[in-house]
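Biologist: I am new to this structure and would love a close look at a single part of it. Could you take me to the largest cavity and then show me what lies around it?

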Amino acid sequence: MMQYHVSSKTAAYTSVSNEIPKHYQQHRLPGATYTECLQGPFGTVLRQMIENGEWIVQQAQFFISKMVRIYPVALEPLGVLHCMLSGSVPTVLSGFGDVLLRENAIQFFYVPAGKGNMALFSKGYYESFQVGLSANYLSNFSQNGSALSEQLQQLEQAAPKGSNAGTCPLSLQALDQIGKIKHCELQGHRRKLYYQARINDLMLLYLHALDDRQQLAVVNGNRYEKEMRQLASYITENLENPLMIGQLAGKMGLQLQVMEKEFKKVHQQTIKSFIQDQRMKKACMLLADGKMTIIDVAYTVGYSDAAYFANTFKKQTGLTPTEYQKRAKGSTDKDVQ
C-alpha cells in the first residue's frame, strides 16, 4: 500500500517505529498485521494495515502540527479505493496532476509504482481509509463496461500514469461498512471473510454512486458538460489573466445566464467561486514553494492589487500570505517540506 515519506533531509529529524505510542492507543486498528508510526517536527503519521493476498486495508491518520509536504510512495502499481474521513488535502498524483482528497468523499485511483506523488498538509487532523485491490480481485468489479475498466487495464499493464475513476460523496452506508471493518472483533478465518464481505459492499456502494452520478447527468440533460469542463480547464490554465465572466461567455459562444447555470450544474459551484478557489489553491502552492515574493504570487494568480489579494487570501485560509509563507519557510528551514 501507500507509504508516506518526507524529504531526505527531514528524515534526519524523524523517527520510525512499529509501535503505537501510548497516547494514540485509542486509534489501534483491530486485526492490523502491520503498524508504522512516523514522528518528526511536523507531527505524527500513524499507518496501520490489514494484509491479505488479494486485498489490503489501510488506515492512515495524520496528526499535523506544522505545514508539511508528505510524499506518498507506492512500491508497486495499486488500485486503491480511497475514503477521506477527516480533512481535505490537495495532492498531486504522478502522471495525472492535481487531485483534491476531499473530506467525506470516496474515489478510486490507479497509482503507478514509484515516487512523483505529493500531498500538502496544513496544521490539523486528517484520516483516510484505503482498500488496495489486486488486478484479479478488481476484475470482479470491472465487467461489462464498468467505470473501473480503465483502472483495471492500467493496473494489469503497470501503466506509468495515474488516474481517478471519479469522486462521489461518502454515503452513510459506506461509512457504516468502514466502521464495521475498523471495529471488527472476530478472529481467524471468520474475520477474513467478514472483511472481504465489507470490502465487497464498499466497492458496490461506490459503483452504485458512480452510476447515480451518470444517470443524474442524463436526466438533467446536460448537453454542455464537455464545454463546461473545457471552460474549467481554460480557467486553471489562465489564472494570471482577468477572467471576466462576460468575456468567458463570449469565448464560449453562450449567453451569460446559460453558461453560469450549466457550469454550476457540472461543477457544483459558481464560476466566480471556482476562479477564486483555483487562484487560492495555486497561491498556496506558490507561497509554500517559497521561490516567489508575495507580490509576484499575487500577479501570477491574477491579482493586480497585492493588498486585495492579501485580504482575499486571509478570508479563504485564515492566514495572511506573509504568515502562510513564513510557516512554509520555517518548515523548509528545519528541513520539513
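Modeller: Happily! In this predicted model, the largest cavity has a volume of about 320 Å³. Its lining is made up of 22 residues, and those closest to the centre of the cavity are Met2, Pro72, His82, Thr91 and Leu101. A search of the whole structure finds two cavities of 30 Å³ or more, and here we stay with the largest.

Which strands should you look for around it? At least two lining residues come from each of β1 (2-5), β6 (68-74), β7 (78-86), β8 (89-93), β9 (97-101), β10 (105-111), β11 (118-121) and β12 (124-133). The strand that gives the most is β8, with four residues. As for the character of the lining, 17 of its residues are nonpolar and five are polar, while none is charged.

Three of the strands that help to line the cavity, β7, β10 and β12, also belong to an open sheet, and following them is a good way to find your bearings. Eight strands form that sheet, and you can trace them in the order β2-β3-β4-β5-β12-β7-β10-β13, with antiparallel pairing. The edges are held by β2 (15-17) and β13 (163-169); each has a single partner strand, so one side of each has no neighbour in the sheet. On average, neighbouring strands here are turned by 15° against each other, direction ignored.

Let your eye rest for a moment on β10, which gives at least two residues to the cavity lining. Its antiparallel pairing with β13 runs over five bridges. If you want one place to see the two strands side by side, find Gln107, which stands opposite Thr167 in β13.

For a contrast with the cavity, turn to the second largest pocket, which holds about 300 Å³ of space. Of the 14 residues that line this pocket, the closest to its centre are Lys272, Gln276, Arg279, Tyr303 and Tyr308. Here the elements to look for are α8 (271-289) and α10 (306-317), which give two or more residues to the pocket lining. The lining of this pocket includes three charged residues, together with seven nonpolar and four polar ones, whereas the lining of the largest cavity has no charged residues.

One last stop is helix α3 (residues 172-182), whose buried residues are Ala174, Gln177, Ile178, Ile181 and Lys182. Looking down the axis of α3, you will find these buried residues within an arc of 135°, so they line one face of the helix.

Definitions and conventions: Residues are numbered from 1 along each chain as its sequence is written. This is a predicted model: local features need pLDDT of at least 70, side-chain atom pairs count only at pLDDT 80 or more; totals for chains, interfaces and linings use all residues. Side-chain values use heavy atoms; hydrogens and water are left out. On a 1 Å grid over the protein atoms alone, a cavity is a set of points where a 1.4 Å probe fits but cannot get out, and a pocket is an open set with protein on both sides within 12 Å along at least five of seven lines; lining residues have an atom within 4 Å of a point. Grid points are joined across faces, edges and corners, and a volume is the space filled by probe spheres set on the points. Ala, Val, Leu, Ile, Met, Phe, Trp, Tyr, Cys and Pro count as nonpolar, Asp, Glu, Lys and Arg as charged, and the others, Gly among them, as polar. Buried means under 20% relative accessible area, exposed over 50%, partly exposed in between (1.4 Å probe, protein chains only). The arc is that of the directions from the helix axis to the C-beta atoms. Two strands pair if DSSP finds at least two bridges between them. Axes are lines fitted to C-alpha atoms, for helices over the stretch in contact, and angles run from 0 to 180 degrees between N-to-C directions.
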